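Hello,

I am passing a structure on to you, shown just below. Please have a look at it before reading my notes.

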Amino acid sequence: MYKENLYKNNKKPFILFLISRNISTFANMIFYIYFMWIIVNEYYSVFLVSLIPAFSLLGYLIVAIPEGYIIDKYNRKKVFILLNLFSIIIYSVLFIKNSLLIIYSVDFFSSLLMWVISDDFRAITKEIIPEENIKNAQSMDQTSRGVAMFFGIILGGFFIFINHFFMYYFLVIISIISLVIILNLNARKIHKYKYNSNGFKYSFKIMKRIIPFLLLLMLLNGLFISLDVFSAGLIHIIMKASSIYYTLMILGYPAGMLLGGIISTRKMYSRLYGNEKYMVIYVLFLGFLLILISLNRVPILDSLFTFIIGIILAFINIELETLLINGIPSAITGKFNSITAMFSIGSSPAMAFIFGILSKFLYFPYIIAIAGIITIITSFTVISILKSFKMNISKIKDMYPELLNEGDM
């Protein structure tokens with residue numbers, strides 16, 4: 001009853017933190033979509049476009065370890081506020097000059113801040129939401145993130161047709177709004193914890209038990225970055241279509257994630273939740289969809305394919321993130337997230353750069369097809385990897401009781 005009352009009291013703060021986090025995602029998506037198209041249109045280079053996703057993920061990898069230490073040691077709300085303040089400063093840099101150096105620099109730092117804000121938000125969620133409500137919180141997270149990405153893509157496409165200074169002002173203004181929303185928030189902690197100086201030691205111990213799962217994440221993320229790298233090139237260079245079709249293609253992901261998040265809250269989804277066989281089907285479908293995208297030459301169909309991908313990714317993310325959040329003690333949430341991030345997105349910057357280089361020697365739709373084939377092959381390893389992952393993640397609290405405080409038990 002005590003936790004139920006706290007959950008009711010914390011629901012509003014959770015939603016406001018969620019809105020602020022999603023504004024960060026929304027702003028980053030506007031920037032991402034706008035400059036991916038501008039670069040491919042002005043320079044006609046898939047390689048230069050590939051540097052946008054490469055830099056956006058590279059920044060996070062550089063800061064991943066220290067941000068885990070900061071999130072666990074310091075007040076997470078204050079960290080959240082500081083990160084939002086930095087976002088305002090970074091987007092203001094765009095007013096200096098519209099050059100590739102400025103674009104890549106803002107891409108690097110704004111994406112870095114967005115990722116760290118997301119990690120801090122996960123730690124705050126763990127702190128203020130009871131374990132039995134985490135799945136609902138994750139469904140809300142996926143659904144709202146889909147909404148933020150959806151409208152970010154629409155506005156990113158819209159700003160392509162008007163003066164770029166309007167976009168710069170807009171990014172700064174909404175970043176200020178994101179900061180204001182969370183300035184006076186107060187939430188009672190449900191999962192209380194004390195800073196643990198050995199958090200990284202425990203995180204590495206846990207990580208060693210789920211290495212196959214982390215390698216699976218690394219492989220899939222590395223392969224799927226091919227779509228980020230080549231989407232603008234597929235639409236502009238291969239299909240000779242306008243930026244509207246590019247916008248629609250990218251729009252498919254958050255639209256699908258939005259629907260997937262909504263479906264996951266329904267009772268019908270409970271029959272699918274936790275079943276490794278369905279996860280195999282999800283990954284298998286993702287591989288086939290990559291191949292279809294590589295072969296397709298009808299621009300509007302790509303938006304349908306990415307929509308289906310979005311639905312599947314929502315199902316996968318909700319299940320895996322719920323397992324992780326519930327399984328990891330509050331005391332090391334930030335550190336563990338920072339280390340696992342090295343695996344979950346660690347291959348993406350390198351693969352984005354490699355895909356960009358390969359496009360100079362190989363017809364780039366073939367590269368997407370090869371990524372799809374590897375994804376299909378990978379799907380046959382999913383059942384054994386997930387069973388091992390679930391077994392090990394469920395034992396963490398029993399293996400390391402010294403990490404638990406009253407709020408975790």
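Here is what was found in it.

This is a predicted model, in which local features need pLDDT of at least 70 and side-chain atom pairs count only at pLDDT 80 or more, while totals for chains, interfaces and linings use all residues. Residues are numbered from 1 along each chain as its sequence is written, and side-chain values use heavy atoms, with hydrogens and water left out.

Let's start with the largest nonpolar core (buried Ala, Val, Leu, Ile, Met, Phe, Trp, Tyr and Cys residues joined through side-chain atoms within 4.5 Å; buried means under 20% relative accessible area, with a 1.4 Å probe and protein chains only). It has 118 residues, and Phe35, Leu94 and Phe213 touch the most other members. Helix 1 (residues 2-43) provides the largest share of this core, 18 residues; helices are DSSP runs of H or I, at least four residues, numbered from the N terminus. Setting aside residues up to four places away in sequence, Leu94 touches Phe31, Phe35, Ile102, Val106, Tyr168 and Leu171, where contact means heavy atoms within 4.5 Å.

Next, Thr375 sits in helix 15 (residues 364-379). Why does Thr375 count as buried? Because its relative accessibility is 0%. Beyond its neighbours within four places in sequence, the contacts of Thr375 include Leu220, Phe224, Val283 and Leu290.

Finally, the lining of the second largest pocket draws at least two residues from each of helix 2 (46-73), helix 3 (76-92) and helix 4 (100-128). Helix 2 gives the most, with five residues. (A pocket is an open set of points on a 1 Å grid over the protein atoms alone where a 1.4 Å probe fits, with protein on both sides within 12 Å along at least five of seven lines; lining residues have an atom within 4 Å of a point.)

Best wishes

Terms used. Buried means under 20% relative accessible area, exposed over 50%, partly exposed in between (1.4 Å probe, protein chains only).
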